[in-house]
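Work through the exercises below with the model open. Try each task before you read its solution.

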Amino acid sequence: MDPSHSMFHAPVQPSSSGGAALAAGAHVSGSPPLRPALPYVYQPRSILLTGGAGFIGSNVLLHLATEYPEYHLVCLDRLDACSSLANLSALQGKPRFTFVQGDICNAALVRQLCNTHDVDTIMHFASQTHVDNSFGNSLAFTYSNVQGKTYTTQAR
Ligand SMILES: NC(=O)c1ccc[n+]([C@@H]2O[C@H](COP(=O)([O-])OP(=O)(O)OC[C@H]3O[C@@H](n4cnc5c(N)ncnc54)[C@H](O)[C@@H]3O)[C@@H](O)[C@H]2O)c1
C-alpha cells in the first residue's frame, strides 16, 4: 500500500495535553483531507418542537427563542395533565412562535405542520413520562411513545 494514503501519515500538531492530535483539515498532498478545513455549521430555520409545554421542551423553547431569535419555532403539544401553557407564557405573541395543541400520533397533522411552516428541523420531546400511567394503560403509553415518535421522525 502507498504509505502516503495511510491515515497514519496525516500531519499532526501538539495537543494541549502534550500528545499529538490530527490537525483540522489535515491533508497530505495527493490524498483527500481527513475532514473539511472549515467545520460545517448546521443552521436551522424552522423547528418543530414536540412536547414543548412540558418540562424539558419548554426550557429548550425558551432557550432557543432567547439565543436564536431568527428561528421560527413551532410547538406541538397535546397539553396533558403534566404540561402547562404557563411554561410558555414568555413566548405568547412572539411573531416567530406558533403553538399548536395536538397529538404527535396524528401523522397528517405532523406532516401538515411541517409543510405549512417549511420545517427543516424536528426536536422531539413529547412523551408519556409518568411511570404510574404505564401501569394503568401500558398500550396507550407505548402507542404514544413509539408510534408518535415514528410519525414525527418520518414526517419529512
Ligand atoms: N425530566 C427530566 O429530567 C428528563 C431527563 C432526561 C430525559 N428526559 C426525557 O425528555 C423527554 C421530555 O421529558 P419531560 O420531563 O419534559 O416530560 P413532561 O411530561 O414534562 O413533558 C412531556 C410533554 O409531552 C406532551 N405529550 C405527551 N404525549 C404527547 C402526544 N402524544 N402528543 C403531543 N404531546 C404529547 C405532554 O403534554 C407534555 O407537555 C422525555 O422523553 C424524557 O424521558 C427527561
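**Exercise 1. A backbone outlier**

In which loop is Leu79 found? Then describe its backbone and its exposure.

Solution.
- Step 1. The model is predicted, and local features are read at pLDDT of at least 70.
- Step 2. Leu79 lies in the loop between E4 and strand E5 (97-101).
- Step 3. Its phi is positive, about 60°, although Leu79 is not a glycine.
- Step 4. Most residues other than glycine have a negative phi.
- Step 5. Leu79 has 13 C-beta neighbours inside 10 Å, so Leu79 counts as partly exposed.

**Exercise 2. A second outlier**

Locate Asp118 and decide whether it is buried or exposed.

Solution.
- Step 1. Asp118 sits in the loop between H2 and strand E6 (121-124).
- Step 2. Asp118 is not a glycine, yet it has a positive phi of about 50°.
- Step 3. The count is 10 C-beta neighbours inside 10 Å. A residue is exposed at 12 or fewer.
- Step 4. Asp118 therefore counts as exposed.

**Exercise 3. The fold in outline**

How many helices and strands does the protein chain have, and in what order do they run?

Solution.
- Step 1. Count the elements: four helices and six strands.
- Step 2. Read them from the N terminus on: β-β-β-α-β-β-α-β-α-α.
- Step 3. Check burial. Of the 156 residues, 19% count as buried.
- Step 4. Check contact range. Take the contacts with a separation of 6 or more; residues 24 or more positions apart account for 66% of them.

**Exercise 4. The ligand shell**

Which residues are closest to the ligand, and which element gives the largest share of the shell?

Solution.
- Step 1. The ligand is surrounded by 23 residues. The closest are Gly51, Gly54, Ile56, Asp80 and Ser83.
- Step 2. Sort by element. Helix H1 (55-67) and helix H4 (138-153) are the elements that give two or more residues to the shell.
- Step 3. H1 supplies the largest share, three residues.
- Step 4. Sort by chemistry. The shell holds nine nonpolar, ten polar and four charged residues.

**Exercise 5. The two faces of H1**

Which residues of H1 are buried, and which are exposed on the other side?

Solution.
- Step 1. Check the geometry. H1 has 13 residues and spans 19 Å from its first C-alpha to its last, close to the 18 Å expected.
- Step 2. List the buried set: Gly57, Ser58 and Leu61.
- Step 3. Look down the axis of H1. The buried residues fall within an arc of 95°, so they line one face of the helix.
- Step 4. Recall the helix repeat. An α-helix has 3.6 residues a turn, so residues three or four places apart point the same way.
- Step 5. On the other side of H1, His63, Thr66 and Glu67 are exposed.
- Step 6. Find the cover. It includes strand E3 (46-50) and strand E4 (72-77).

**Exercise 6. The strands over H1**

In what sense do E3 and E4 pair, and over how many bridges?

Solution.
- Step 1. E3 and E4 pair in the parallel sense over five bridges.
- Step 2. Pick one bridge. Leu48 has Val74 in E4 as its partner.
- Step 3. Check the cover of E3. Four of its five residues are buried.

**Exercise 7. Ala65 and its partners**

Why does Ala65 count as partly exposed, and what does it touch?

Solution.
- Step 1. Ala65 is placed in helix H1.
- Step 2. Ala65 has 17 other C-beta atoms within 10 Å, so it is partly exposed.
- Step 3. Leave aside neighbours within four places in sequence. Ala65 is then in contact with Leu73, Leu91, Lys94 and Phe97.
- Step 4. Take a C-alpha distance. Ala65 and Ala90 are 25 residues apart along the chain, and 9.6 Å separates their C-alpha atoms.

**Exercise 8. H4 and H2**

What covers the buried residues of H4?

Solution.
- Step 1. H4 has 16 residues and reaches 22 Å from its first C-alpha to its last, close to the 22 Å expected.
- Step 2. Its buried residues are Ser144, Gly148 and Thr152.
- Step 3. Their cover includes E3, H2 and E6.
- Step 4. Look into helix H2 (residues 107-116), where Gln112 is found.
- Step 5. Gln112 counts as partly exposed because it has 14 C-beta neighbours inside 10 Å.
- Step 6. The C-alpha atoms of Gln112 and Ala155 lie 8.8 Å apart, with their positions 43 residues apart along the chain.

Key. Residues numbered from 1 in each chain as written. Predicted model: local features only at pLDDT ≥ 70, side-chain atom pairs only at ≥ 80, totals over all residues. Near = placed C-beta within 6 Å. Nonpolar A, V, L, I, M, F, W, Y, C, P; charged D, E, K, R; others polar. Expected span 1.5 Å × (residues − 1). Buried ≥ 20, exposed ≤ 12 C-beta atoms within 10 Å, placed from the backbone. Arc of directions from axis to C-beta. Contact = placed C-beta atoms within 7 Å. Pairing = 2+ DSSP bridges.
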